[in-house]
Amino acid sequence: MAKETNRFWGIKVCLAPGLIVILLFLLGVFDHLEDMTLDLRFRLRGKTDPGKDIIIVGIDENSLQRLGRWPWPRSYHSKLIDYLAESKAKVIGMDLCFAEPSLQDKMLIDSASRAGNIIHPVFFAFKGDGEEIMVVRPFEQLSKSALSLGHIQGEPEVDGILRRLSLARSCQDETYLSFSLEVARNFLGIDLTELEPLQEKTFLLGPLKIPVDRKANMVINYAGKSGTFKTFSYADVLEEKIPGSEFKDKIVLIGITSKGISDEVMTPFSTKGNPMSGVEVQANAVRTILNQDYIHRPNRWVNIFLMLFLSIIVGYSLQRLSNKQGIIFTLCLLLSLILGSFILFKFNGIWLDIIAPPTILVSSFVFLNLFEVNSANKSLDNEIRRLSNLTADSEAKVLGQSPLNILSSETIRQKVQTLSSIHHSIVEDKTRTDNILSSIADGILVTDCRGIIIYHNSKFNQMLDIKEEIINTSVIGLIRRFYDLAEQELEKIINESRTLSFDFHLPSPFPKAYNFTLVSLKDKQEEVIGTVGILHDVTYLREIDRTKSEFVSNVSHELRTPLTTIKGSVELLLGGAAGELNEKQRKLLTINANDTERLIRLINDLLDVSKIESGKIELDIRPINILDVIRDSVDRLKTQSAAKDISLAISTPPQLPLIYADFDKIGQVFTNLIDNAVKFTPPTGSVTIQVEDMENELLCKVIDTGAGIPESDFGKIFDKFQQLKAVTTRRKKGTGLGLSICKGIVEEHHGKIWVESEVEKGSEFVFTLPK
């Protein structure tokens, strides 16, 4: 699937769902879910140390059975306060509201006054719509005897779970700190005059800096489920069965723990409807303040920054990953967020929002994949259109591009039908093409742009007697089975889109001669997309050629003797052997001598070609100095080059090794090449003969500054009777056998010969000779 070239396209796609989630986050859509995740984090963290400074005296079922039905006489509470005061409890928190006076109030007031450390609660009464209408507090004399009053108003969420405690509330022009804060303040000895105004999500009271959430509410850090704090039965303490030392210098909270008297609330630990008593909630709140074990919730801008960062990192990363890698990356990031938030909560009390960021993560992944699916769908539709045009399939249909439509079963079904129809047409076309290619007498081979074989007809394998499968193998390896050319040179030919053509023979089971031609395959934009190889059986043509060569050889032998006789006779006549010649006779005999010489050269060339082709050429192999060969050839052509004012230069290293070769035959190669260079170089030009000492061979070059040779003629220039048809060479006469003879002689010496040229810039004829 093709993706956009813009490297930031994934970020742009993922920012859309990211901004939507951020907006929902700011509107408070995720608040309730975040509260639920807070409960889960509490339960996963489990119970923590409640501390030793808080004791609960609970009005439990055992006390109700022993002391009678509730409410009890206030003399019980007076006696309990006296005992706790005698035990030197530092602060006594009465989570019981004595709003109405009774006959036994004097005892209770006297006990509270003597103790001097009693915190009494107040609570607010509400109308039906939630509006506060009055403050319910202990009767006046009891309030005056109290150390302080604190409100016990809880604020359960919509799901009924109490997670937060308001640290200060006002009603009827009176402001009350919370009951738990008053208990903690008096236990720590903090004066109320140290209370400061609420500052930027922090409630300041002396050394206490309490982080608050939502309208000055403190999140209660619950130590555990019900029963976590050390609790004594009210009846046991009243009857002094509990030693006073248990209460010395402690905070003692007195409240109802029995499940039969409706003072219960749901907390994050309240699984399966198991509530917690109100006095235990107050104990948890006091513990949170005393230990400064607060739940910190980062500023919303921190969460927004985190969400934007997630959108960017997810968009940037997923566009570079495969679908499988993207799923793994998303899951790892999601698990990291969840695990990280839990670790921050467990060890640092940081309540990191865990709903909105993963929502961004998941929605970005889904949105990005939908975008890619839509993009892939468009590409698929375009490909269907293109294939429909190629196959002329009139039934091909492309449905709408709506993102909601692309995943519908009807859309997919119709596209499958369309592709099935196109596939049927393509299969028919392929079968027809295969039948045509199979019926061709020649072997056909096709490669991709890397030179890997992707197709061949059955005739190709039959002609070469290849048993193994050659699909998905390199054509270079196949060529080198039959043609001795370096792998690097073959790669160069294929990469530069040059045509390769060569003949080879297969000796068994029956002698066969083949020609293999490899040409470039290009698209409409002239980009090379592969190569096509054609294997042609030339056995019959080579047999005809051999017969023709034998005929030419025989005729040449028969003609050479009389021509030599004629040449000798003409030379005698020109020398005056038959008497003095007049001007006209001498002119005619001179023409006769020149034509005879040209015929003899032609016959000698034909005989050389015949010997080379028949393999009957005789080489006098011995150690030779290549420089001596070059000088001999240059000496022969000095007159010809001087006539055109063409310089002949020799460029060789100071010392060259001796090579084993035929002196005369290699001299014939140099002579032919230098003669051609002089012939096709304009006056005042230059011809340079270079030799380079390579590792295993000598590299010989004849370089001219002539007209040059078109690249299209490179493949046939060494064939017999080939002469270039360029305007600049049309007047140059020759037999067309010289380069063919050079090629034959070089190859008989196990070397290679080729040409490198550029029109109007000259040519380089290059050949190698093994050391």
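Student: Which strands does helix H21 (residues 663-679) lie across, and at what angle does it run to S25?

Tutor: H21 lies across S22, S24, S25 and strand S27 (762-770), and runs at about 25° to S25. Keep in mind that this is a predicted model.

Student: Asn-676 is in that helix. Why is Asn-676 called buried?

Tutor: Its relative accessible area is 18%. The cut-off for buried is under 20%, so Asn-676 makes it into the class with 18%.

Student: And Asp-632, over in helix H19 (residues 626-636)? Why does Asp-632 count as partly exposed?

Tutor: Asp-632 has a relative accessibility of 30%. Partly exposed is the range between the buried limit of 20% and the exposed limit of 50%, so 30% puts Asp-632 in the middle class.

Student: How far apart are the C-alpha atoms of Asp-632 and Gly-667?

Tutor: They are separated by 7.4 Å, with their positions 35 residues apart along the chain. For Asn-676 and Ile-659, 17 residues apart in sequence, the C-alpha to C-alpha distance is 25 Å.

Student: Back to the sheet under H21. What is the order of its five strands?

Tutor: The order is S22-S24-S25-S27-S26, in an open sheet with mixed pairing.

Student: Why are strand S22 (647-651) and strand S26 (753-758) said to stand at the edges?

Tutor: Each has a single partner strand, so one side of S22 and one side of S26 is left without a neighbour in the sheet. On average, neighbouring strands here are turned by 15° against each other, direction ignored.

Student: What makes strand S24 (residues 686-693) and strand S25 (residues 697-704) a pair?

Tutor: Pairing asks for at least two bridges. S24 and S25 have seven, in the antiparallel sense, so by that rule they pair. Within this pair, Gln-690 stands opposite Lys-701 in S25.

Student: Lys-701 also meets Glu-692. What makes that a salt bridge?

Tutor: The N to O distance between the two side chains is 3.6 Å. The limit is within 4 Å, between a side-chain nitrogen of Lys or Arg and a carboxyl oxygen of Asp or Glu, so 3.6 Å qualifies. The partners fall into separate accessibility classes: Lys-701 is buried at 17%, while Glu-692 is partly exposed at 30%.

Student: How many salt bridges does that rule give?

Tutor: The count comes to 32. One of them joins Asp-35 and Arg-164 at 2.9 Å, N to O. This pair links distant parts of the chain, with Asp-35 in helix H2 (residues 31-45) and Arg-164 in strand S6 (residues 164-166), 129 residues apart.

Student: Are Asp-35 and Arg-164 buried or exposed?

Tutor: Set the values against the under 20% limit: Asp-35 has 2% relative accessible area and Arg-164 has 2%, so each is buried. Asp-35 and Arg-164 also belong to a network of salt bridges whose members include Asp-39, Glu-157 and Arg-297.

Student: What about Glu-246 and Lys-230: what distance separates N and O?

Tutor: It is 2.8 Å, so the pair is a salt bridge by the within 4 Å rule. Glu-246, at 24%, is partly exposed, and Lys-230, at 42%, is partly exposed.

Student: Why does Ile-242 count as buried?

Tutor: Ile-242 has 12% relative accessibility, and the limit is under 20%, so buried is the label. Ile-242 sits in the loop between helix H8 (234-238) and strand S13 (251-256). Leaving out residues up to four places away in sequence, Ile-242 touches Tyr-83, Phe-232, Asp-236, Val-237 and Phe-247.

Student: One more sheet. Which strands make up the open sheet with antiparallel pairing?

Tutor: Its five strands have the order S17-S16-S20-S19-S18. Strand S17 (453-456) and strand S18 (500-506) are at the edges, since each has a single partner strand.

Student: What makes S18 and strand S19 (residues 512-522) partners?

Tutor: Seven bridges join them, running antiparallel, and the rule needs at least two. Leu-500 stands opposite Leu-518 in S19. Helix H15 (residues 475-482) lies across strand S16 (443-448), S17, S18 and S19, at about 50° to S18.

Terms used:
Residues numbered from 1 in each chain as written. Predicted model: local features only at pLDDT ≥ 70, side-chain atom pairs only at ≥ 80, totals over all residues. Heavy atoms only, no water. Helix = DSSP H or I, 4+ residues; strand = E, 2+ residues; numbered from the N terminus. Contact = heavy atoms within 4.5 Å. Axes fitted to C-alpha atoms, helices over the stretch in contact; angles between N-to-C directions. Buried < 20%, exposed > 50% of the residue type's maximum accessible area, 1.4 Å probe, protein only.
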